[in-house]
Amino acid sequence: MKLHQQYLLLHSQLGDTTEHTLTLADLAELLDCTHRNTLTIVKKMAALGWIHWHAQRGRGRRSVLSLLAPADQIAAEYMMQAMNRRELQEAADQVRAFSSSPSMQHYLNQWLLGYSGHHTESGTNNESIDTLRLPIRQQLHALDPLYINLLAESFVTSHVYDGLVQRDEHGQILPALAHTWDVSDDRLTWIFHLRKGVYFHSGKPLSALDVVFTFERLQSTERRTLYREVSKHILSVEAAAPLTVRFQLNKPHELFLSFLTTSRAVIVPSGLSSNTAASQSERERIQSRQIPVGTGPFKVTFWDNHMCRLEAYPMYFQGRALIDRVDILQIPWITADKRGGNQDLHYSTNETVESPFFHLMHNPSSTSGTDWTQASSGVTVTKLLTCNTQKPGPLNDPGVRAYLQQCIDVISDSLVGTTDMMNSFARSTDKQEIVLNIATIPQYRLDAEQLALALHPYGFSCTIHTGGMEQFKGDWRLESDLILFSLIQDRDEELRRYDMYATLSEHLEPFSQAKVRWMMQKIAVSPHIADRKQVLDEVERLLITEHLMFNLSQKPVETAYLPTVRGLSFNSQGWVNLRHIWFPSKELE
């Protein structure tokens with residue numbers, strides 16, 4: 001790898017010119033080496049065909065160095081070697097200058113197609129071990145369900161943990177850790193009966209105390225967790241028997257059961273270790289980075305900044321799993337998705353989805369090879385912009401909001417010119433600039449910049465503020481006029497929309513806020529899905545007609561896969577379900 005670094009150093013110092021005249025002393029200075037080491041490096045590079053060194057002897061005579069190998073090809077080879085040694089971040093930092101090169105991306109992607117996907121090796125007893133390597137383009141910062149923000153993190157935890165109940169591919173709520181449940185006539189008391197013989201990956205048996213611990217931990221956190229508008233209705237949770245749990249709600253909430261199917265409500269073992277002497281932020285950092293322990297089909301056996309290894313948990317499958325091991329590889333380079341777009345768990349979380357899987361390619365570009373089959377996961381991602389009318393400013397004027405809607409419509413339709421309403425508004429304000437602040441997360445900064453640039457000809461002067469995940473969840477976003485985020489519409493769509501509108505109501509002036517919250521209360525007590533959907537649609541119409549929420553774009557999430565992949569199915573968030581993936585024997589292919 002050192003030789004690759006040295007070639008890239010030469011390329012960066014000497015530039016793109018093919019031939020360079022310099023002395024051996026000049027070259028030694030560039031490489032920060034002795035003359036002897038420099039000669040060794042030159043011979044090695046020449047033997048590999050990277051350079052041609054035409055030496056000239058004698059005082060003052062300059063040799064000719066020809067750089068033959070494309071720098072992005074050498075950078076790609078450097079990254080490939082770094083992958084094997086798990087030194088990706090260091091290598092990525094050094095080749096960042098070449099990361100936007102299409103040819104480097106081509107080299108890397110072609111190599112990844114061979115490196116990733118299904119591989120078979122012999123185990124200790126000569127048995128066949130099936131491994132699936134999945135590259136993702138996002139860092140896994142946390143795998144504790146209390147701390148996860150990203151869809152990639154949720155994807156991993158969905159295979160490590162189980163909840164009391166689960167949602168199937170068709171959206172139906174089915175038993176999971178609880179084999180059945182009862183609810184009182186007033187909808188305030190929920191009793192769950194746990195399965196016998198369930199064990200955490202540590203070997204600890206599941207009991208009602210673990211469920212109590214999980215929800216008491218969730219209720220006591222100061223973090224603004226996803227679906228908090230539902231979970232805050234839990235008044236108490238207690239172990240009525242070793243395998244029986246009783247929840248008491250302070251008010252009936254018809255989305256409570258749906259909440260229990262989500263990644264925020266999966267069960268963790270009681271007694272999770274924590275350094276009580278450390279500060280709260282340090283305790284959270286330590287906890288979020290601990291190896292997770294759940295009851296799910298895969299256990300985490302290794303996790304660092306570059307790879308997370310999942311191994312099938314035999315007690316879950318009661319025998320051999322279809323896939324024995326999954327290596328999730330964090331790839332610190334990004335290939336631009338020709339179709340663009342990002343994907344969220346919710347407005348406060350994000351996921352860059354430019355083809356993160358090979359052999360299983362999530363959200364593939366339209367240029368995928370002819371061997372790929374494309375399947376819809378039934379998930380749609382909508383990018384949204386909302387007005388913060390709690391903040392005094394231009395957007396408190398309904399006319400300004402209506403004008404902004406007109407501008408966004410024109411921009412979205414790629415029309416030229418302005419409507420009569422635009423011209424009328426511009427004249428009435430004497431063409432004064434409308435100054436707005438846009439709040440978003442770093443992953444959407446480019447979207448915000450493009451929007452600001454497009455709005456500028458229509459009299460808007462936009463500044464952009466980006467904040468991290470936790471910062472964005474808090475009151476920080478309320479300091480801006482506009483908030484840019486996205487909503488994933490999956491099989492938890494009802495719950496997601498409810499949580500989003502409840503959170504969005506915090507951005508509204510008192511009258512609109514009261515109206516939205518009144519409708520949210522109707523949803524919470526309505527026992528019928530159709531009635532809840534009707535009210536959710538009413539909330540959406542209110543926000544759109546009052547020009548408080550703007551739909552910027554919408555796109556489906558799809559997965560492309562090779563013919564060697566069998567058993568393809570999707571979880572409720574549109575991610576491939578690893579429980580059912582399998583690969584036929586090589587002899588059958």
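1. A quick word on terms before anything else: buried means under 20% relative accessible area. His-253, at 1% relative accessibility, falls under that cut-off and so counts as buried. Keep in mind throughout that this is a predicted model.

2. Staying with His-253: where does the residue lie? Its place is the loop between strand 11 (244–249) and helix 10 (256–259). Setting aside residues up to four places away in sequence, His-253 touches Glu-229, Val-230, His-233, Tyr-498 and Ala-524. So we have a loop histidine that is buried, because 1% is under the 20% limit.

3. Now the overall picture. The protein has 19 helices and 22 strands. Of its 589 residues, 52% are buried. Its accessible surface comes to about 26,400 Å², and carbon and sulfur atoms account for 50% of that. As for contacts between residues at least 6 apart in sequence, 68% of them join residues at least 24 apart.

4. Helix 1 makes a neat check on geometry. The helix covers residues 2–14, and at 1.5 Å a residue those 13 residues should span 18 Å; the end C-alpha atoms are 18 Å apart, so expectation and model agree. Its buried residues are Leu-3, His-4, Gln-6, Tyr-7, Leu-8, Leu-10 and His-11. Gly-15 follows the helix, with a positive phi near 90 degrees.

5. On to backbone angles outside glycine. Most residues other than glycine have a negative phi. Two residues I'd look at here are Tyr-227 and His-547: phi is positive in Tyr-227, near 65 degrees, and in His-547, near 55 degrees. Tyr-227 is found in the loop between helix 8 (208–220) and helix 9 (228–231), while His-547 lies in the loop between helix 19 (529–545) and strand 22 (549–561). Buried or partly exposed? Tyr-227 has a relative accessible area of 2%, so it is buried. His-547 sits at 21%, which is not under 20%, and therefore counts as partly exposed.

6. Cysteines next. How many disulfides does a search of the whole structure find? Zero. Cys-407 is in no disulfide, and the nearest cysteine sulfur, that of Cys-462, is 10.0 Å away. A disulfide needs the two sulfur atoms within 2.5 Å, so this pair does not qualify. Cys-407 is buried, at 0% relative accessibility. Cys-308 is buried too, with a relative accessible area of 0%.

7. Tyr-501 is worth a look in the viewer. The residue lies in helix 17 (residues 493–504) and is buried, since its relative accessible area of 2% is under the 20% limit. Leaving aside neighbours within four places in sequence, Tyr-501 is in contact with Val-516, Met-520, Leu-536, Val-539, Glu-540, Leu-543 and Met-549. Take Leu-543 from that list: the two residues are 42 apart in sequence, yet their C-alpha atoms are 9.4 Å apart in space.

8. Towards the end of the chain, have a look at Phe-583, which lies in the segment after strand 22. Its relative accessible area is 9%, so Phe-583 is buried. Not counting residues up to four places away in sequence, Phe-583 touches His-118, Leu-132, Ile-323, Thr-564 and Val-565. Between Phe-583 and Gly-567 there are 16 places in sequence and 8.5 Å in space, C-alpha to C-alpha.

9. Then the second largest pocket, with a volume of about 900 Å³. There are 42 residues in its lining, and those nearest its centre are Asp-162, Gln-166, Ala-176, Tyr-316 and Arg-579. Which elements give two or more residues to this lining? They are helix 7 (151–160), strand 6 (165–167) and helix 12 (314–317). Helix 7 gives the most, with four residues.

10. Last, the enclosed space. The whole structure holds three cavities of 30 Å³ or more. The second largest of the cavities has about 60 Å³ of space. Its lining is made up of Pro-145, Leu-146, Thr-214, Arg-217, Leu-218, Arg-264 and Val-266.

Note on methods: Residues numbered from 1 in each chain as written. Predicted model: local features only at pLDDT ≥ 70, side-chain atom pairs only at ≥ 80, totals over all residues. Heavy atoms only, no water. Expected span 1.5 Å × (residues − 1). Buried < 20%, exposed > 50% of the residue type's maximum accessible area, 1.4 Å probe, protein only. Contact = heavy atoms within 4.5 Å. Areas by Shrake-Rupley, 256 points an atom, 1.4 Å probe, with all protein chains shown as cover. 1 Å grid on protein atoms, 1.4 Å probe; cavity = no way out; pocket = protein on both sides within 12 Å on 5 of 7 lines; lining within 4 Å. Points joined across faces, edges and corners; volume = space filled by probe spheres on them.
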